[in-house]
Amino acid sequence: MLSVIADGPHRDGEADRRRAAEALAARLPEPLRPLAHAAYNYRWSWTPGGADCFERVDPERWARLEHNPVALLTTASASSLEAAATDPDLVACAARLWSEIQADLDRPPAVGAGLGPRRPVAFLCAEFGIHVSLPIYSGGLGALAGDILKEASDRALPMVAVGLMYRRGYFRQRIDAGGMQHEHWTMIDPDLVPGVRVTGPGGDPLTITIPIAGESVTAAIWRVEVGRVPLFLLDTELPENAPLQHWVTARLYDGDSDTRLSQYALLGAGSVRALAALGITPGVFHLNEGHAVLAPLQLAADLASEHGGQGQAIEAARARTVFTTHTPVPAGNDTYPAEQVLAVVSGLLDELGLEPEGLIRFGRTDADNAEEPFGITQAALRLSRSAGGVSRRHGEVAREMWRELWSDREVDEVPIGHVTNGVHVPTWIGAPVRRLFDEQLGEGWLFASDPTAAWEAVDRISDEALWRARCAQRAELVAHLRGRSLDQRLERGEPREYATAAAGTFDPAVLTIGFARRLATYKRLDLLTRNPEFVLALLSDARPAQIVLAGKAHPRDDEAKRMLQRVFGLKRARQVAERVVFLDNYDLAEGARLTRGCDLWLNLPRPPLEASGTSGMKSVVNGGLQLSVLDGWWAEAYDGTNGWAIDGEVDSDPAAQDARHSDQLERLLLEEVLPAFYTRDADGRPPAWLDRMRRSMRTLGPRFAATRMIAEYVRGPYTGAP
Ligand SMILES: *Cc1c(COP(=O)(O)O)cnc(C)c1O
């Protein structure tokens with residue numbers, strides 16, 4: 001089995017995981033015991049049939065516990081466990097699941113170019129979207145981080161990851177009848193987390209300490225298995241910490257800026273300290289976003305004894321650090337007043353032997369400008385050997401945006417490249433399409449040495465088989481939406497007639513359009529409803545569309561919340577009540593349902609603010625077609641035949657741009673999308689739509705899969721190329 005353990009006593013938590021799984025197994029009837037082992041490795045979540053094994057134990061409890069297998073097996077009644085143990089299919093399923101996971105873990109690791117089991121990539125990120133049962137993610141950044149870990153595991157790439165264990169996670173969203181968003185946070189139960197606290201040689205919890213804001217803060221280390229990749233999560237909810245310090249790892253993207261800076265200090269310096277305490281020596285540190293920017297400075301302090309001076313130690317640390325920037329939106333590139341940063345990290349700087357001014361200079365665009373605040377992106381750009389955006393267009397935008405850091409260079413020579421994002425196909429693909437691909441593309445299609453050639457087989461799939469899979473996935477979504485829309489509308493206190501409207505009308509044969517993403521204003525959810533007459537006509541046409549919307553606004557983003565309320569303003573119209581559903585609490589599970597079920601996936605960002613976007617890629621692998629602004633990934637993906645596009649020009653007049661884009665959107669929907677979907681052959685299938693689907697899957701599937709992304713990270717940033 002892959003091991004990242006240095007010689008000496010095992011202290012990386014692997015033994016803790018085994019003990020926890022054995023303790024859980026002891027509670028189960030013997031035939032179910034393999035499930036306890038599988039429960040502690042999220043590999044089950046992307047093994048075909050893996051979720052079904054757990055669900056069969058107790059479907060109602062499985063749904064209620066948000067698909068958390070440790071919680072399921074810990075709390076299931078003795079009688080349901082006994083009953084499950086007599087179900088031969090379930091017993092076979094459990095044995096097969098654990099043996100498949102073991103076989104995966106037993107593969108030899110990929111090695112080369114300075115990386116190997118003893119020199120893994122350390123992937124640092126403020127959020128990880130591994131699974132809905134581990135609520136330590138908010139949106140695209142986390143979903144991408146989760147997909148990178150899973151793909152690294154599939155490719156046997158030696159990788160470890162470090163993040164924070166937010167005890168209250170990210171907020172849950174409830175919308176009221178007026179369209180106002182309300183947020184609440186729920187505490188996770190540490191006894192039910194599918195992970196373990198790492199103990200040291202004496203059996204006590206392994207901890208690290210870090211000075212933060214004048215106090216010494218202690219953090220315990222959790223270990224969560226993501227296939228072959230261990231994810232370590234730092235946790236300050238400890239009795240030795242003062243109550244305020246528990247808040248360092250309480251909430252993801254806490255609104256309080258001192259708390260956020262404390263989180264960044266812990267994530268940055270703490271991840272390097274934690275890996276050292278675990279006995280792990282990474283070959284490369286990947287800062288996924290700038291939040292962990294103190295990591296290279298902690299590393300430099302650790303390397304100082306090997307190197308002559310501090311300057312050389314920082315160079316050595318820089319030579320092991322790579323950075324990915326994820327957004328051109330200013331709010332995503334946090335800056336803080338220098339005094340505020342120093343109030344949080346001055347004790348840490350003392351320990352690192354770094355002058356306060358030295359740190360602040362890294363974070364200013366113009367290091368000499370004493371007026372400038374500290375920016376985490378600037379600091380990360382200065383402290384990494386390689387930096388990049390997340391799509392070709394975002395690379396260009398980022399070079400333009402940060403060119404002043406290299407004032408002696410032309411914009412083309414700014415050293416910021418890009419690796420376009422991709423999605424982890426086994427996670428996002430729906431079961432009907434997966435079965436079809438397993439049949440038609442050949443069993444090994446996910447590991448094909450030439451993915452482009454493997455996906456070409458999509459062209460040979462018959463109309464009948466392709467349409468059957470598409471309709472099956474749409475029908476699953478429609479069934480879900482009927483139930484959820486009723487529940488959520490009644491929860492909002494809506495009148496019964498309105499509450500039941502969509503439950504009665506959502507139709508598995510109707511063109512289903514999805515728009516789901518973080519509700520930042522630049523994503524322009526309201527572009528869709530700018531012209532109410534058009535929307536009403538679209539919904540009530542003889543060949544109608546039905547629309548599903550979802551997304552969370554940041555708790556402090558009042559403008560985004562108002563945008564949501566404007567959209568809700570239309571809801572009393574009968575057609576809207578019947579054919580538009582807003583789904584509360586967009587998360588990984590809803591994201592998967594929507595991208596599997598929708599026929600058309602809309603993305604309407606204001607260019608050039610969409611760095612990449614990944615939900616559309618999830619839709620592609622399920623046969624969804626894209627209608628998107630030519631921004632982010634779509635700018636390099638669209639070829640005129642594999643979806644539909646709205647112009648991506650930058651426009652200094654946002655109102656004029658909105659008007660132009662909504663005209664283009666309406667024209668495309670009326671003149672192209674609806675006719676392609678509803679023009680049917682003698683067998684009731686839409687030949688033009690199916691052709692475009694094949695074209696989309698074949699040209700986009702291999703290019704926007706995480707397999708390609710990981711290969712590019714390995715060839716480029718991870719192995720030394722700039
Ligand atoms: C994929 C995903 C995202 C990112 O989608 P974008 O296209 O970047 O908006 C956000 N949230 C969830 C829950 C996702 O699954």
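# Notebook: a walk through the predicted model

I started at Tyr-253, which sits in the loop between helix H9 (243-246) and helix H10 (257-278). Helices here are DSSP runs of H or I with at least four residues, strands are E runs of at least two, and both are numbered from the N terminus. Tyr-253 has a positive phi of about 50°, although it isn't a glycine. Is Tyr-253 buried or exposed? At 15% relative accessibility, I have to count Tyr-253 as buried. My cut-offs: buried is under 20% relative accessible area, exposed is over 50%, and partly exposed is in between, with a 1.4 Å probe and protein chains only.

Ground rules, before I forget. This is a predicted model, so I took local features only at pLDDT of at least 70 and side-chain atom pairs only at pLDDT 80 or more, while totals for chains, interfaces and linings use all residues. Residues are numbered from 1 along each chain as its sequence is written, and side-chain values use heavy atoms, with hydrogens and water left out.

**Other backbone oddities**

I noted a positive phi at Asn-585 too, about 55°, and this residue is not a glycine. Asn-585 is in the loop between strand S17 (580-583) and helix H25 (588-597). With 16% relative accessibility, Asn-585 counts as buried.

Next I looked up a peptide bond. The one from Pro-607 to Pro-608 is cis, with omega near 10°. Pro-608 belongs to the loop between strand S18 (600-603) and helix H26 (615-621).

**Ligand site**

Which residues are around the ligand? I listed Gly-139, Gly-140, Trp-428, Arg-517, Lys-523, Tyr-586, Asp-587, Leu-588, Gly-613, Thr-614, Ser-615 and Lys-618. A residue makes this list if one of its heavy atoms lies within 4 Å of the molecule.

Then I went through polar contacts, meaning pairs of N or O atoms within 3.5 Å; within protein, one must be able to donate a hydrogen and the other to accept it, and residues adjacent in sequence count only if both atoms are side-chain atoms. I found an N or O atom in the side chain of Lys-523 at 3.3 Å from a ligand oxygen. A polar backbone atom of Thr-614 is 3.1 Å from an oxygen atom of the ligand. For Lys-618, a polar side-chain atom comes to 2.6 Å from a ligand oxygen. Taken alone, the ligand exposes 390 Å², and the protein buries 95% of that. Those areas are Shrake-Rupley values with a 1.4 Å probe; for residues, only the protein chains shown count as cover.

**Helix H7**

I checked the length of H7 (residues 88-105) next. Its 18 residues should span 26 Å at 1.5 Å a residue, and the end C-alpha atoms are indeed 26 Å apart. The expected span is 1.5 Å times one less than the number of residues. Which residues of H7 are buried? They are Leu-90, Cys-93, Ala-94, Leu-97, Trp-98, Ile-101, Asp-104 and Leu-105. Looking down the axis of H7, I see these buried residues within an arc of 125°, so they line one face of the helix. That arc is taken over the directions from the helix axis to the C-beta atoms.

What do the buried residues of H7 pack against? I get helix H2 (33-39), helix H3 (50-57), helix H6 (78-85) and helix H8 (140-154). At the start of H7, a side-chain oxygen of Asp-87 reaches to within 3.0 Å of the backbone nitrogen of Asp-89.

**Ala-145 and Asn-288**

H8 took me to Ala-145, which lies in that helix. Ala-145 counts as buried, at 0% relative accessibility. Leaving aside neighbours within four places in sequence, Ala-145 is in contact with Phe-123, Cys-125, Glu-127, Phe-128 and Asn-288. Contact means heavy atoms within 4.5 Å.

I followed the link to Asn-288, found in strand S9 (residues 284-288). Asn-288 counts as buried at 1% relative accessibility. With the same four-place exclusion, the contacts of Asn-288 are Phe-123, Leu-124, Cys-125, Leu-141, Ala-145, Thr-324 and His-326.

**Arg-409**

Last stop was Arg-409, in the loop between helix H16 (392-402) and strand S14 (417-418). I count Arg-409 as partly exposed, at 35% relative accessibility. Where does the side chain of Arg-409 reach? It reaches the backbone oxygen of Glu-413, at 3.0 Å.
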